[in-house]
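Student: I should like to learn how to read the features of a structural model. Could we work through one together?

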Amino acid sequence: MHHRPSRRTVLTAAATASAALATGIPTAAAQEASLSVADKRQIRTLIERMSLEEKVGQLFVMRVYGSSATDPAPADVAANQSEIGVSNADELIAKYHLGGIIYFAWAHNTQNPHQIVDLSNGIQRAGLSHGTPIPLLISTDQEQGAVARIGAPATLFAGAMSLGAGGSADDARTAARIIGTELAAMGINQNYSPVSDVNINPANPVIGVRSFGADPEAVAALAAAQVRGYQGAGIAATAKHFPGHGDTGTDSHFALPIITHTLEQGRSVDAPPFQAAIAAGIDSIMTAHILVPALDDSGDPATLSYPILTGILREQLGYNGVVVTDSLGMAGVRAKYGDDRVPVLALKAGADQLLNPPLLDVAYQGVLDAVKSGELAEKRIDLSLTRILGLKFRKGLFRDPFVTHAGVDRGVGTPSHLATADRITDHGITLVTNSNGLLPFPRRSHWQLLVVGADPAAPSGTGGPPTTVLARALTDLGHPAQALSTGTAPSRALIDQAVAAAHGKDAVVVGTYNVTAATQGQVALVTALVDSGVPVIQVAVRNPYDIAHLPPVAASLATYGWTDVSLRAVARVIAGETYPVGRLPVAVPRADDPAAALYPIGYGLRY
């Protein structure tokens, strides 16, 4: 059985981070001190040399289609020309003097580690070849679990809520160090992670398992640990989404959420993880497109709020690092103002990096016009530019922004990294029910199994489908398993097929995915299998709240993710190869009374 640090260890780490902040750790001063006198002089010289157009371009971080900086596929050239008026990344950087590029799988940026190396090097060559030579911050959202832009053969971990269930700050730091090491080897120097939102709303459609959990102190400890892990590997970490996106029932990609927390709730629930990240020396903080009337009653989202970004984040929390907006293409930030005004208002609020505007030419020109009209002082642009360039100096980009294929061979997806990912993921698997001690399967037994359930696509585009992966893992552990995909909304015919396939099996494993009162198909599937008399083992492969909506089953486990690493881990627990040590990092509310907990935070059974 793996050793699992006690809850006291986690809370002690959180208290240490909070105490460090309270005693005035000068994060901004520490960041400034990490720059040499020569670095500071070079930053001033660079800014003096730059044109206004170059300065404004450095504030933008933009998407671009293609696996190559100069020779993308024809379809990617067409997409670039349609959306941003250029053919490739090299032309984009030359035209707008961009400060950063963000990688997405759907933009074909992240096909494999060696391709990413070549793309990253091509982007850096462009940055050093056009106008004032400045390397780029290359970023992505490699949170792991539900959000991962880079797949195998890079190392994949379970997501944040799995780490929350494991409760180990050491595991969180180790995972981030490995992720950061591999990103750095591929030329990615800024990760938009860790998610530092406290997910206290089970109906949250956009955060959920991306959060470490619902306990602010535990989330703070794990967020701070990941900051240290990422930045110890030489890349910039990004705590998101300030001032806290954990208590919303609305997805800010599609609408503008309203957080109704009081000032006290903000201080006690939402702020601690960001305070801990700041105390840990966080390089960048990402804003949230949310309304928080208690903090700013103007009707502006936090991304555009001076009282929130400057009054609270800069002045009250003492943060002077880089502030990056969430994507400016999201509906939550575009609801009130035009695309030319949003970046201007974000800068006036206190942001530095302007992420992925829907229309770059409109956003870029909007900022230029605001400076030329005097609405934005050029000194204000220089302030953000100083922060951004300082971050690039601290990450060593002015010394050498390039990476090598040999570095990928040495450091990406190594056997050691993959074994560590398996070990850490084991720690998060949570056993919620186990009637009559059904699990683990008896030693030296060979149970005949059926695996049914939902098959959501792999976030990274590699691995899956979940029923097949789980069946294969159980088979490899000596328990022959048949897979039958029944989806998230199984029809009556599929349910009948599953019941027929279960006949004669020793047990059925059902993978459920975000079951609610509205997802009657999955409830009907589990009910029919329970009624068949075959023991049912239910595995919640995303949110852990599913069990509240289901009939009693023989055993129930939570994985907090449906990627291969989580499914292999739950197979080991079912088969008794490892023992469950995870504890719920969120409460599971009763279906008939959501204010009451069916299973509280910290609940988890053992063998």
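The dialogue below takes up confidence, aromatic pairs, strand pairing and one helix.

Student: What is the mean pLDDT of the chain?

Tutor: This is a predicted model, and confidence is therefore read beforehand, since pLDDT is the predictor's confidence in each residue. The mean pLDDT of the chain is 93, and 95% of its residues reach 70 or more. Residues 1-29 have pLDDT under 50; the model has 41 contacts beyond four places in sequence for them.

Student: How many aromatic pairs are there, and how is such a pair described?

Tutor: A pair of aromatic rings is described by two quantities, the distance of the centres and the angle of the planes. The count here is 10 aromatic pairs. In one of them, the ring centres of Phe 60 and Tyr 364 are 6.3 Å apart and the planes stand at 55°, so the pair is tilted. Because Phe 60 belongs to strand 1 (residues 60-62) and Tyr 364 to helix 15 (residues 360-373), the pair ties together parts 304 residues apart in sequence.

Student: Are Phe 60 and Tyr 364 buried or exposed?

Tutor: Phe 60 counts as buried, at 0% relative accessibility. Tyr 364 is buried as well, with a relative accessible area of 8%. Together with Tyr 96, Phe 60 and Tyr 364 form one aromatic cluster.

Student: In what order do the 8 strands of the open sheet lie?

Tutor: Strands of a sheet pair through backbone hydrogen bonds, in either a parallel or an antiparallel sense. Here the open sheet has the order 7-6-5-4-3-2-1-8, with parallel pairing. Its edge strands, strand 7 (322-324) and strand 8 (354-355), each pair on one side only. Within the chain, strand 3 (residues 137-140) and strand 4 (residues 190-191) pair in the parallel sense over 2 bridges. The bridge partner of Thr 140 is Asn 191 in strand 4.

Student: In which sense do strand 9 and strand 14 pair?

Tutor: Strand 9 and strand 14 (residues 555-558) are antiparallel, over 4 bridges. Asn 434 stands opposite Ala 555 in strand 14. In strand 9 (residues 430-434), 5 of the 5 residues are buried, so the strand is largely enclosed by the rest of the structure.

Student: Where does the kink in helix 11 lie?

Tutor: Helix 11 (residues 263-279) has a kink of about 60° at Ala 271, shortly before the proline Pro 272. The buried residues of helix 11 include Ala 271, Pro 272, Pro 273 and Phe 274. After helix 11 comes Gly 281, whose phi is positive, near 90°.

Key. Residues numbered from 1 in each chain as written. Predicted model: local features only at pLDDT ≥ 70, side-chain atom pairs only at ≥ 80, totals over all residues. Heavy atoms only, no water. pLDDT = per-residue confidence, 0-100. Contact = heavy atoms within 4.5 Å. Phe/Tyr/Trp six-rings, centres within 6.5 Å; stacked < 30°, edge-to-face > 60°. Buried < 20%, exposed > 50% of the residue type's maximum accessible area, 1.4 Å probe, protein only. Pairing = 2+ DSSP bridges. Bend = angle between axes of the 7 residues up to and from the residue.
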